[in-house]
Each structure stands twice: as C-alpha cells, then as structure tokens.
Amino acid sequence: MYGLLDNIDSPEDLRRLSPDELPKLCSEIRDYMVECCATNPGHVGSSLGAVELIVGLHYIYNTPEDRIVYDVSHQTYAHKILTCRREAFRDNRKLGGISGFTKMSESEYDAFGAGHSSTSISAALGLEKALRFRGLDSKVVALIGDGALTGGEAYEGLNNAGDTDTDLLIILNDNNISIDQNIGSIHKYLLRITTDPAYNRLKDHVWQKLGEGGFRNFIQKWTRTAKTFFVKNDAGALFSALGFRYFGPIDGNDISQVVGTLAKMRSIKGPKILHAITTKGKGFAPAEEDQTTWHAPGMFDPETGKRIKTDHNGRSRYQDIFGETLLRLAREDSRIVGVTPAMASGCGMNLLAGEMPERFFDVGIAEQHAVTFAAGLAAGGMKPFCNIYSSFSQRAYDQIIHDIALQKLPVVLCFDRAGLVGEDGPTHHGVFDLAAYRPIPNVTIAVPADETELRDMMYTASKAAEGPFIIRYPRGYGRGLDWRSGDFSILEPGRGVLLTPGSDAPVAILALGPFAADALEAVRRSGLSARVYNMRYLKPLDMSIVDEVLASCTTVVTVEDGTVAGGLFGAVSEIVSARGLAVRVVPVGVGDSFVTQGTQEELRDSQGLSVDKLSQLIASISIKK
C-alpha cells in the first residue's frame with residue numbers, strides 16, 4: 001500500500017533513499033498518519049505540518065547518535081513512524097500502546113521526553129554539553145514551534161545557549177499557530193519577517209509577469225532564497241542579539257530545500273537558528289482550512305475529512321459549562337475578566353473573547369505570566385478568572401504561592417482537565433493539584449461533583465472569594481443535568497452534603513468531584529449499607545462531616561481522582577493520626593506512580609475509581625465487618 005514507507009523500519013533505511021524519492025515518502029507518511037488517526041484520534045495538524053522537517057533531520061543527521069529534541073512533541077508522529085514504530089503507531093496513545101509524545105524509555109531515538117511547552121532548547125543545550133564532556137562528536141538539534149516561543153523557559157534557554165560555544169542547531173518551526181491563533185509581540189515579529197513588503201512586492205511582480213510553467217518554478221525557488229536578503233537584517237536582530245547566527249526563512253514543507261539547507265548547516269559550528277515556514281495540517285485540506293479544530297479532531301472520515309461525532313446523549317462538556325457560565329457572570333459584573341495561557345477554545349473562554357474582547361486576555365503559552373498577570377488584575381480591583389489546564393498549572397506553582405496566596409488576592413483559578421485525562425498520558429494527567437495546593441495558606445479548593453456545582457462554585461467565587469479560589473474539574477462530559485436553567489446558588493466553602501440521608505452505617509465514603517455520584521451508585525450495586533458524602537471542598541474541609549464520621553464509623557473511605565498522598569486521604573489521615581483514633585482510612589485514588597495513557601474509563605478502573613471497583617471495595621469492607 002505504501003511503496004516506500006513499508007520498507008522503512010529505521011532512519012538507516014530512510015538514508016538509503018535518493019533525494020528524488022523523498023517527496024513521495026513525505027506524501028506516504030501523511031497518508032499513513034491520516035489513515036491511522038482517522039480511527040485512532042491524535043494530534044493531526046501539527047504532525048502533518050512537520051513531516052518534511054522530520055524526514056530531513058533523520059535523512060541528514062545520524063540518529064540516534066545525533067540527538068533531536070522536540071518541543072511539546074505534538075508534531076512527532078513522522079518521527080515515531082520513521083524510528084522503528086511504524087506498526088506500533090496504529091496503537092498510538094492507547095492503553096498498552098506507544099505514547100503520543102516523545103518518551104525516553106520507549107525508544108533510543110527519543111532523546112528527551114516532552115509533553116509541555118518551551119523545554120526543548122534547555123534540554124538540547126544540556127544534552128550538547130553532556131556529549132562534549134563525554135568526548136563525543138554527536139550533533140544536537142532542537143525543533144521548537146513558534147507558539148512555544150511565548151513560553152519564558154525558551155528565552156532562558158536561548159539566553160544561556162547564545163552565550164556559550166555550544167554547537168547547537170535550533171529549528172524554529174513557524175506555522176503561525178499553536179492550538180489557537182498565536183498572539184503577542186514575538187508572533188508579530190516573526191510574522192513581519194515572513195510578510196516583508198519588499199519581498200512580497202517582488203514576488204507579486206514576478207508572478208504576474210511569468211505566468212505558469214517550469215521557468216516560474218525556477219524563479220519561485222530563487223525568490224525564496226532572495227527573501228532572506230530582503231529581511232535578514234530585521235530577522236537577525238533578535239536572534240543575533242542573543243548570540244545566534246540566523247538562517248532563513250526557508251520553506252519547511254519543501255523537502256529538497258530542507259535537506260539541502262540542513263546538509264550545509266550540519267557543518268557550521270556554534271549556536272544557530274534555522275527559521276522554517278510550515279503549514280499546520282499540510283497535505284490534508286480539512287486540516288489546513290480549520291487548523292484549530294484539526295489540532296486534535298477526534299475520529300474522522302479519511303477520504304472526506306468529515307468528523308465523526310460521538311453521541312453523548314445531550315451531555316455538556318465541562319469546558320462549555322465554564323465558558324458559558326463565565327460569560328453569564330461577566331455580563332452581570334463588569335469587574336470580571338478572563339485570562340488564559342493559549343487555551344481559549346480548549347477551556348471555553350473563546351465565548352467571552354467573542355462577546356467582550358476587551359475583557360479577555362490570551363497571554364500565550366506562559367502560565368507563570370498568566371498567574372502573576374491575574375494577580376495584578378486582582379490587586380487593581382478586578383475579578384480575574386484564570387483558566388489553566390491542571391497539569392500546566394504546575395508550571396506556575398511559585399507564582400500561585402508567592403504572587404497570589406501570600407498576598408491573599410482574590411484570583412479564581414479554574415483548573416480544567418483535572419484528574420486522569422486519558423490518552424495524552426502522564427504529561428497531561430492533572431493528578432497532583434489537590435496535594436500540591438492543599439498545604440498553601442489562604443487557598444480555597446473547590447471540587448464540583450457535576451455541572452450545576454461547577455456553575456455555582458464559579459458564582460460563589462465571584463461573590464465570596466477573599467483569596468485564591470481554586471476550582472478543579474475533569475476533562476470530558478458531565479452527567480446530563482440541566483445546568484443552564486435556574487438561579488445561581490452560593491455553595492458555602494467548607495460545607496459538604498450527605499447523599500444517603502438517614503444512614504448510620506459504620507462505613508463512610510468521603511468523595512470529591514464526580515466520584516461522589518459514582519460512590520453512591522457503587523453502594524447501590526453492592527446492596528450493602530454505607531454513608532456517602534459529597535465533600536465539595538478539599539479546603540476548607542467540612543469538619544462537621546469529619547467529626548461525625550470519625551465519632552461513629554470504624555472505616556472511612558476517601559475517593560479522589562488525584563494522588564492519595566497529600567490529597568483528601570492525606571487530610572483525613574492527618575486528623576485521625578493527630579487525634580489518636582482507631583479508625584481505618586482506606587484510600588481510593590492515584591497511587592505513587594505515573595499513570596500511563598489509555599481511555600479515561602480504563603485508567604479510572606486501573607486506579608480503583610470505576611463504579612465496579614468501588615462496589616467491590618465496599619463489599620470487601622462490609623464482609624470483613
């Protein structure tokens with residue numbers, strides 16, 4: 001089916017091809033990606049756009065002795081396919097399959113693991129220095145997207161690398177977009193390089209005179225080279241100031257130009273940057289036309305590009321609940337503003353951006369800045385809602401402590417994708433937030449059990465927050481409640497609710513988030529008696545509930561989709577220990593290991609969080625009694 005690709009099991013096989021065969025190979029890789037991702041969803045657009053760059057790198061560089069470090073690694077599918085994982089790619093991101101990101105334990109070709117943004121330059125610099133210490137002459141390349149250049153760590157790496165004698169190549173994969181449209185002064189700077197009026201006037205004039213044909217193709221290649229002449233002073237200014245030699249821009253989707261340029265640059269010593277212009281979604285028309293949707297489109301028809309929608313029985317996504325609620329609150333309170341680090345559509349804040357653009361701030365992939373910027377807004381009398389994916393909030397931990405909590409500023413931090421997120425795996429699971437933020441003074445931590453509670457906790461935060469107010473909620477869909485109707489309600493911080501009224505069973509289940517309803521269903525299935533509490537808040541903890549169950553129960557089960565060490569289990573265990581009580585506390589949640597990729601259902605079951613596993617646990621406890 002794939003004349004060239006079927007015979008390539010490693011980069012060594014790739015390097016046996018002639019340069020004339022490479023365009024066909026790139027086309028086959030794209031077709032294979034589309035075929036696989038149509039039924040096994042993944043990050044389509046980024047990987048389609050980076051095919052030529054990755055083929056060129058493995059063709060010119062002697063991998064794995066030469067090291068390629070990828071940023072985020074959304075764009076690495078061609079890399080996976082070319083490095084002994086072509087057939088394994090069919091199970092990409094599945095339980096037991098390969099990771100959707102680079103992973104050192106998975107392949108010797110994965111020089112450094114990545115799942116978060118802006119890390120590649122720092123890691124590549126460290127690798128290059130390590131190789132020199134060991135007396136090796138291997139080359140090191142960092143492939144970073146323009147969106148990742150909004151992250152501060154990228155500039156820390158550039159600042160350090162440019163001031164050394166490192167033999168490091170940085171390839172800037174400039175496709176003018178990350179997940180949503182890129183923003184900020186760096187984006188405008190790069191855009192100015194690639195839209196220089198002098199170059200474009202020449203190009204338009206030449207095109208009009210030449211018409212179609214081979215001579216026009218020749219001139220087209222010549223003008224790509226000429227573009228560097230027209231814009232080189234402007235382009236080189238920033239990177240030269242940081243100590244790098246700048247090359248480009250080149251057409252990163254022209255394999256002959258990529259290979260020719262890399263072949264020349266491999267022998268150039270010192271820190272250098274190659275600026276490559278690519279198209280996200282390249283080669284698949286639907287992905288080129290709607291780049292935001294096709295970043296991760298789900299299942300689709302590989303022939304037509306029509307997306308296959310799953311029936312969720314009218315249930316709403318938590319991100320849509322957040323987005324609609326924020327807009328509704330903003331309409332009622334002129335001090336409410338939204339802040340997001342490049343996740344406007346992913347978190348639902350694009351609704352606020354559409355109606356009230358002056359009260360919406362997309363700060364780029366810059367979680368630290370997002371948090372401190374929100375703190376400044378709060379210090380100035382506004383009511384900022386800062387939405388960050390739970391896993392990415394780890395990157396702003398110091399700012400949350402130092403800039404918000406220490407000053408007791410009323411910033412509402414909404415952590416989307418909390419808990420086990422599914423196929424993105426350990427780099428994206430939001431399982432550390434409960435344990436990470438519970439010890440911080442002045443912080444409120446709210447964990448809604450359903451759609452209505454998320455809506456009402458956002459309302460509560462807008463009215464009652466006296467310091468940092470964290471609301472964390474999962475990826476995916478709610479339970480199907482009618483959350484749009486009815487008035488807002490204040491859900492008092494530190495107050496939970498008993499879901500099994502009248503029960504005096506010696507077993508109590510204290511649950512956070514959607515697992516409160518799951519625990520209730522598990523008790524029903526078991527046919528046994530147990531009290532089930534929806535705790536609602538991890539901090540402040542409802543001490544009236546805790547006092548009640550510790551005084552009357554012999555066993556307390558804590559249920560949370562986070563690490564049990566330090567979370568709800570940690571909080572209850574600390575109280576039991578401090579009081580010297582003979583109460584057994586049984587944890588259900590994530591243990592002391594990184595959880596792999598798989599569906600949310602598979603992963604929750606693996607951690608004992610499915611209804612079936614909870615039911616079995618309840619039965620085992622009751623039998624022992």
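1. What span should the 12 residues of α23 cover at 1.5 Å a residue, and how far apart are its end C-alpha atoms? The expected span is 16 Å and the end C-alpha atoms lie 17 Å apart, which agrees. The model is a predicted one, and this value is computed from it.

2. Helix α23 covers residues 568-579. Its buried residues are L568, G570, A571, V572, I575 and V576. Among the elements that cover them are the strands β13, β15 (537-539), β16 and β17 (584-590), together with helix α22. After α23 comes G580, with a positive phi near 65°.

3. Helix α22 runs from residue 543 to 552, and I545, V546, V549 and L550 are buried in it. Viewed down the axis of α22, these buried residues fall within an arc of 120°, so they line one face of the helix. The general spacing fits this picture: an α-helix has 3.6 residues a turn, so residues three or four places apart point the same way.

4. The packing partners of the buried α22 residues are the strands β12 (497-498), β13 (507-511), β14 (531-534) and β16 (555-563), and helix α23.

5. On the cysteines, the disulfide count is zero, where a pair of sulfur atoms would have to be within 2.5 Å. For C386, the closest cysteine sulfur is in C414, 8.5 Å away, which is too far for a bond. C386 is buried, at 0% relative accessibility. C26 is also buried, with a relative accessible area of 2%.

Note on methods
Residues are numbered from 1 along each chain as its sequence is written. This is a predicted model: local features need pLDDT of at least 70, side-chain atom pairs count only at pLDDT 80 or more; totals for chains, interfaces and linings use all residues. Side-chain values use heavy atoms; hydrogens and water are left out. Buried means under 20% relative accessible area, exposed over 50%, partly exposed in between (1.4 Å probe, protein chains only). Helices (H or I, at least four residues) and strands (E, at least two) are DSSP runs, numbered from the N terminus. The arc is that of the directions from the helix axis to the C-beta atoms. Contact means heavy atoms within 4.5 Å. The expected span of a helix is 1.5 Å times one less than its number of residues.
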